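User: I am new to this structure and would like to know what the terms used for it rest on. Please take me through them.

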Amino acid sequence: MKPADDFVQAGKTAVRQNVHGTMEFLQKFPPFNQMDAAHLAYLVEHCQLRFYGEDEVIIHPDDGPVQYFYIVKQGRVHGQRPHSARRGTETTFEITSGECFPMAALIGERATRTAHLAAEDTFCLLLDKAAFARLFAQSTPLRDFALRGVSSLLDQVNQQVQMRAVETLGSQYSLDTRLGELAMRQPISCSPDLPLRDAVRQMHEQQVGSIVIVDPGLRPQGIFTLRDLRRAVADGSSLDQPISGLMTQAPFHLPPSASAFDAAIAMTERHIAHVCLVDQGRLCGVVSERDLFSLQRVDLVHLARTIRHAGRVETLAALREDIRQLVDRMLAHGASSSQITHIVTLLNDHMVCRVIELTIEDLGDPGVPFTWLCFGSEGRREQTLHTDQDNGILFEASDNVEAAQLRGRLLPLAMEINGRLARCGFTLCKGDIMAGNPQLCLSRQEWSRRFASFIREASPENLLASTIYFDLRTVWGDASGCEALRDELLGQIADNRLFQRMMAENALRQRPPVGRFRDFVVARRGAEKDTLDLKSQGLTPFVDGARLLALANGIKACNTQQRLRELSERGIIDKLDGAAYEEAYHFIQQTRLQQHQLQARQAQPYSNRLDPDSLNHLDRRILRESFRQAQRLQTSLGLRYQL
């Protein structure tokens with residue numbers, strides 16, 4: 001071989017090695033890790049590598065329509081915009097190794113809205129616009145990633161969770177499974193005039209626990225279950241009487257498109273074991289507790305029933321471990337954080353109700369009708385296993401004198417309930433936000449005056465209190481007084497722009513832990529060194545922002561994700577932004593739940609602090625993006641209220 005040929009061959013080998021090395025690099029990061037090898041090879045072969053020195057502008061809004069697709073191979077890139085309230089610029093995001101930009105501008109054939117600068121010496125792979133367009137048209141993973149952004153990343157995490165669940169538990173179903181898929185057989189039904197004897201015979205022959213009573217158009221009129229049969233036998237009912245006299249009328253029903261989660265919640269809240277499936281008014285199926293949870297291996301309804309019938313506080317305390325195991329199984333099945341927190345809150349509600357009932361049985365009825373209120377995360381239905389007590393009592397009184405008298409009768413009961421809840425795993429509130437505190441055992445008029453003072457005298461203490469008390473909900477007792485309080489709140493806040501602005505200022509105090517020079521801002525010293533707080537720094541910005549906008553716009557919902565959804569539906573926030581906020585909130589909460597489960601299994605105390613270096617690359621990247629969504633929400637609040 002001639003020397004010249006040696007150089008040519010060596011050059012070809014170097015090129016092949018370079019292409020192979022770049023492909024190996026890209027296969028570590030989404031969306032490239034899901035692309036076909038041929039499409040990825042096309043991308044690498046048509047890329048050029050370019051160096052940018054620190055602070056050098058890579059692309060700028062003044063450059064006109066974007067001409068290249070950029071992938072950071074080494075280094076960091078900052079996105080900068082003019083600051084909305086003061087001179088100079090602010091860093092709005094950071095892009096690191098393996099990440100790409102600017103998708104939206106390239107697809108929209110427009111200029112970028114943000115200047116991209118090298119935060120340090122940086123190498124980028126550049127793919128020209130024409131080659132990107134061809135690749136975009138052919139590669140589904142690239143196209144899906146470009147159009148869906150952080151949602152696509154979260155899907156990858158959820159897919160991984162589901163795959164692990166299949167490997168470890170062998171389950172084919174999740175809480176998102178449609179009920180139509182779970183109702184495997186035709187429902188057993190009969191007419192209202194069928195004798196009880198014949199109805200029971202059909203149930204026995206078909207080995208089912210229920211029979212649905214329908215009219216000639218197959219519209220459900222009632223349901224008869226084994227529970228009804230036991231009651232009929234105990235009452236000495238004749239087996240020859242029509243089933244219509246013994247059925248439960250107007251049975252609860254869901255459409256076949258509803259999820260297993262919807263059925264689980266309905267069964268738990270309504271204390272029922274069967275849900276009818278109705279499509280266009282006609283009975284099309286029945287899903288039982290056995291159907292649902294033999295497939296799920298998550299026996300929520302049975303656990304809720306055990307809690308509601310517990311005879312001693314010690315039994316309730318022991319059931320906390322069953323709740324932890326339930327959450328373990330739900331996480332393994334890929335349940336979402338909102339599903340898990342909703343179910344944990346629901347089971348906690350049942351436990352609180354049972355503690356109240358047992359305490360009244362032991363101490364005697366105080367003779368004062370009262371409502372047990374909850375605040376904070378329980379009020380929002382966002383509780384995890386790591387929770388303390390935020391509760392109060394509401395009662396009716398004609399004046400202050402009567403209120404004081406009734407309070408004196410209720411406080412001993414309230415203090416005992418707080419103590420028993422602590423024995424059941426609900427930590428006593430360090431701030432004494434508990435019903436046993438005389439300041440939180442109030443008549444409806446006293447609560448109304450107190451809430452009005454929070455709005456009228458918006459001191460730092462009152463603003464902090466409003467973030468707790470304004471997420472209120474009834475757990476036990478008559479809910480009408482609580483609803484009246486909520487209606488008053490919405491009216492007062494909607495008319496008070498100054499209070500809204502002060503709530504906005506308060507909502508901006510807790511900044512997400514992402515900064516200009518590092519991808520995460522972590523504690524630098526002490527026991528918390530190298531960690532960040534998932535709750536206060538990650539979830540609280542979403543919770544506070546959603547609460548403010550909901551209260552200011554007359555939205556009654558307390559749950560954060562439900563608030564974001566309604567804000568989007570009303571056009572108060574952009575629908576795409578609302579979806580991104582929901583996804584980000586969900587991921588941070590999911591990360592927190594997984595950490596709590598790990599701590600519980602290792603017999604460690606619960607903590608919301610996380611070392612981001614303990615995460616894999618994908619989880620770390622999504623967590624950083626989720627914190628940036630919190631930054632975006634705070635930025636929009638600052639613009640809305642001119643802060």
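**Terms and the values behind them**

Analyst: The protein has 24 helices and 21 strands. The model is a predicted one. Of its 643 residues, 53% are buried. Among contacts between residues at least 6 apart in sequence, 71% join residues at least 24 apart.

User: Why is Gln599 counted as buried?

Analyst: Buried means under 20% relative accessible area. Gln599 has 7% relative accessibility, so it counts as buried. This residue lies in helix 23. Leaving aside neighbours within four places in sequence, Gln599 is in contact with Gln604, Pro605, Tyr606 and Ser607.

User: What makes helix 23 oblique to helix 24?

Analyst: The axes of helix 23 (residues 575-601) and helix 24 (residues 617-640) cross at roughly 130° and come within 9 Å. Angles over 145 degrees count as roughly antiparallel and those from 65 to 115 as roughly perpendicular. The crossing angle therefore makes helix 23 oblique to helix 24. The crossing of helix 23 past helix 24 is left-handed.

User: Which residues make the contact between helix 23 and helix 24?

Analyst: Helix 23 contributes Asp577, Ala580, Tyr581, Ala584, Phe587 and Ile588. From helix 24 come Asp619, Ile622, Leu623, Ser626, Phe627, Gln629, Arg632, Leu633 and Ser636. By class, the contact of helix 23 with helix 24 has nine nonpolar, three polar and three charged residues.

User: What makes strand 18 and strand 19 edge strands?

Analyst: Four strands form an open sheet with mixed pairing, in the order 18-17-16-19. Strand 18 (441-443) and strand 19 (473-476) each pair on one side only, and they are the edge strands. On average, neighbouring strands of this sheet are turned by 40° against each other, direction ignored.

User: How do you know that strand 16 pairs with strand 19?

Analyst: Two strands pair if there are at least two bridges between them. Strand 16 (residues 371-374) is joined to strand 19 by three bridges, so the definition of a pair is met. The two strands run antiparallel. Cys374 has Arg473 in strand 19 as its bridge partner.

User: Which helices pack on this sheet, and which strands do they touch?

Analyst: Helix 16 (residues 400-423) packs on the sheet and touches strand 16, strand 17 (391-395) and strand 18. The direction of helix 16 makes about 150° with that of strand 17. Helix 17 (residues 444-456) also packs on the sheet, touching strand 16, strand 17 and strand 18. Its direction makes about 100° with that of strand 18.

How values were computed
Residues are numbered from 1 along each chain as its sequence is written. This is a predicted model: local features need pLDDT of at least 70, side-chain atom pairs count only at pLDDT 80 or more; totals for chains, interfaces and linings use all residues. Side-chain values use heavy atoms; hydrogens and water are left out. Axes are lines fitted to C-alpha atoms, for helices over the stretch in contact, and angles run from 0 to 180 degrees between N-to-C directions. Angles under 35 degrees count as roughly parallel, over 145 as roughly antiparallel, 65 to 115 as roughly perpendicular and the rest as oblique. A crossing is left-handed if the near helix is turned anticlockwise from the far one by less than a right angle, and right-handed if clockwise. Contact means heavy atoms within 4.5 Å. Ala, Val, Leu, Ile, Met, Phe, Trp, Tyr, Cys and Pro count as nonpolar, Asp, Glu, Lys and Arg as charged, and the others, Gly among them, as polar. Buried means under 20% relative accessible area, exposed over 50%, partly exposed in between (1.4 Å probe, protein chains only).
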